[in-house]
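Colleague: I am new to this structure and would like to go through it slowly with you. Could you show it to me before I begin to ask?

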Amino acid sequence: MALSLQPTIERRRDQMFPDLDRVEIERVRRFGEVRSFAAGEALLTAGQVGPGLIVILAGRVDITQRNQSGGRDLIVSHGPGQFMGELAQMAGRPGLVDATAQEPVQALIIQPDRLRALFVAEADLGERIMRALILRRVGLLETGAGGPIIVGWAENGDVLRLESFLRRNGHPHQLLNPETDAEAKALIERFHVDPGQLPIVLCPGGQLLRNPGEDELARCVGLVGPIDPNRVYDVAVVGAGPAGLATAVYAASEGLSVLVFDCRSFGGQAGASARIENYLGFPTGITGIALMARAYNQAQKFGAEMAIPDEVNGLNAADDSGRFVLQLRDGERVTARSVVIASGARYRRLGVANLDAFEASSVHYWASPLEAKLCANQEVALVGAGNSAGQAAVYLAGQGAKVKMVVRGANLGATMSRYLVDRIEGHANIEVVTRAAVSGLEGRDGFLEAVRWRHATGEELRQPLRHLFLFIGAEPNTDWLAGSSIALDPKGFVLTGEDAGADRHPLETTRRGVFAIGDVRAKSIKRVAAAVGEGAQVVAALHSFLAEAAANPAMAPNSSATSPLAPAQSR
Ligand SMILES: Cc1cc2nc3c(=O)[nH]c(=O)nc-3n(C[C@H](O)[C@H](O)[C@H](O)COP(=O)(O)OP(=O)(O)OC[C@H]3O[C@@H](n4cnc5c(N)ncnc54)[C@H](O)[C@@H]3O)c2cc1C
């Protein structure tokens, strides 16, 4: 137990900071170019895009992180044979730490695209380097170093929103309490912030944001940058859940140029799962976010580009050149030869009049460590009877919450896997309230104080509590397809294969060259494994479509099949 509480930097120092021997350095030389740095010169500055992975050939470099008082704490000192970098360098994003030459330094600079070539060409060495990059990010996530500083109260809805956004995107951050933390008080004073304007966010580059939206925060910390409007991608993938990420991994590893969009974070619904136990190859289970982070890093290793968060809000008919144009919410446009719709589904909301008054602080649609911390030792209500509800109940109860599960049916057996039903029945902290439905919410200033539910008998019960979890199914994310002439079924899921028209590939929509996979597809199996399988399967179809289109430029993304149903419309 004590071992797991030790920081990663202590437990896995050798893997985090491996030494390359002389032969290995010779093997990586062909991927980089040698540069010299004077003593005191910065090789990397936090908040700015660095040159890539840096292998030290001679001299010494200190890696430091900025502390809250503006000073610098030493993380590690690198000498000859060691390399600098973490995941940001692989993706060409701004660095999270500072690196300064302590004496004249000679170094091999490996730019992000060459680093990806190294991963492919030098599998063993690539594995060691990749593992080190991931562990270094894990270390930064543990301390919050290198990321933005949020000043606000942990229970505040906007703080929760910003923390959850950064956590889901695997980006380090620190939260300071404005009342108890001296640094927070100093920041509030320095920037003349009224307590009513909290939370504020101090970005690594020094910019101050007042209660920013996720897009503003993402741009400030460098998660997204502008997209080259002149580039034509082989495939644009809309959605970075398990389906979209699987397409990215297989398409990029097979040489296609891939751009993946997600309006929130990588991982989709699977990223919200407290523990996935039915995914092949993980006998002890794995948290959804851990599984998805692996896929996200893997896709980038093969060269897939990520635009996250970036929302696609329109798919134009192909132009004369047979290409598709995706419109982004911020006005940018992206061109691709083919499109994969992997936009999945979103959580269904409860039909209670004042639900939105409590959604920021007290109503939750997933159960991550953030929510578990808020609810520890408290009574919470959880609505839903499917597997996702069961997993969340078991997870929250395991973290100390007392969970009242409110379900409409007479028991859980009809809608939930047996292993979860058994676990719920065996848990002293979970009580299942059957044949009941939430009838009212009470509270003040955005904070819930009580939930009422009505039994099938007509009797209504009032339960004082501060947190409500909703796991009541999902609706397809297809509003953005309005006007695209992609046909949907009556519930809004995308039609594919023979339902989309004659001669269609099983995953192809009513438009040639546009495919749909995962939960968003009509008739799909709503499981992580099924989404991943379709993500892999669609790549073969992409190859044959692209090959045909190249051989016959007059071919048909413009032609839409005769569909048995009307084209897409907003629901
Ligand atoms: C809490 C929970 C627990 C679960 N546990 C399990 C489990 O244990 N085992 C299992 O097999 N299944 C589980 N599931 C189901 C599983 O997660 C889904 O079947 C799977 O995630 C579907 O993958 P997907 O990629 O098709 O879609 P999603 O996972 O829904 O991903 C779609 C992505 O598209 C993005 N998006 C949507 N619209 C746009 C747009 N216009 N522009 C850009 N991006 C967009 C969304 O932000 C999202 O990230 C669970 C689901 C939930 C909610």
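Modeller: The questions and answers that follow take up the ligand, one helix, some backbone features and one strand residue.

Colleague: What should I know about the model before we start?

Modeller: This is a predicted model, in which local features need pLDDT of at least 70 and side-chain atom pairs count only at pLDDT 80 or more, while totals for chains, interfaces and linings use all residues. Residues are numbered from 1 along each chain as its sequence is written, and side-chain values use heavy atoms, with hydrogens and water left out.

Colleague: Which residues come nearest to the ligand?

Modeller: A residue is counted as near the ligand if one of its heavy atoms lies within 4 Å of it. There are 36 such residues around the ligand, and those that come nearest are D262, Q269, N278, Q391 and D519.

Colleague: How many residues of the shell around the ligand are nonpolar, polar and charged?

Modeller: In this sorting Ala, Val, Leu, Ile, Met, Phe, Trp, Tyr, Cys and Pro count as nonpolar, Asp, Glu, Lys and Arg as charged, and the others, Gly among them, as polar. By class, the shell around the ligand then holds 17 nonpolar, 13 polar and 6 charged residues.

Colleague: How much of the ligand does the protein bury?

Modeller: A polar contact here is a pair of N or O atoms within 3.5 Å. An oxygen atom of the ligand lies 2.9 Å from a backbone N or O atom of A243, and a nitrogen atom of the ligand is 3.4 Å from an N or O atom in the side chain of S273. Taken alone, the ligand exposes 1,000 Å² (by the Shrake-Rupley method with a 1.4 Å probe), and the share of that area buried by the protein is 93%.

Colleague: Why do the buried residues of α10 line one face of the helix?

Modeller: Helices are DSSP runs (H or I, at least four residues) and strands likewise (E, at least two), numbered from the N terminus. In helix α10, residues 214-221, the buried residues (under 20% relative accessible area, 1.4 Å probe, protein chains only) are L217, A218, C220 and V221. Seen down the axis of α10, with directions taken from the helix axis to the C-beta atoms, they line one face because they fall within an arc of 165°.

Colleague: Against which elements do the buried residues of α10 pack?

Modeller: Contact means heavy atoms within 4.5 Å. By that criterion, the buried residues of α10 pack against α8 (157-168), β11 (200-202) and β12 (208-210).

Colleague: What is omega for the peptide bond from L198 to P199?

Modeller: P199 lies in the loop between α9 (182-190) and β11. The peptide bond that leads from L198 to P199 is cis, and its omega is near 5°.

Colleague: Is D445 buried or exposed?

Modeller: D445 is found in the loop between β24 and β25 (447-455), and it has a positive phi of about 50° although it is not a glycine. Since exposed means over 50% relative accessible area, the 74% of D445 makes it exposed.

Colleague: How far apart in space are M306 and A218?

Modeller: M306 lies in strand β15 and, at 11% relative accessibility, counts as buried. Not counting residues up to four places away in sequence, M306 touches R93, L245, L259, V260, Y296, A299 and Q300. M306 and A218 are 88 residues apart in sequence, and their distance in space, C-alpha to C-alpha, is 13 Å.

Definitions and conventions: Polar contact = N/O pair within 3.5 Å; in protein donor to acceptor, adjacent residues only side chain to side chain.
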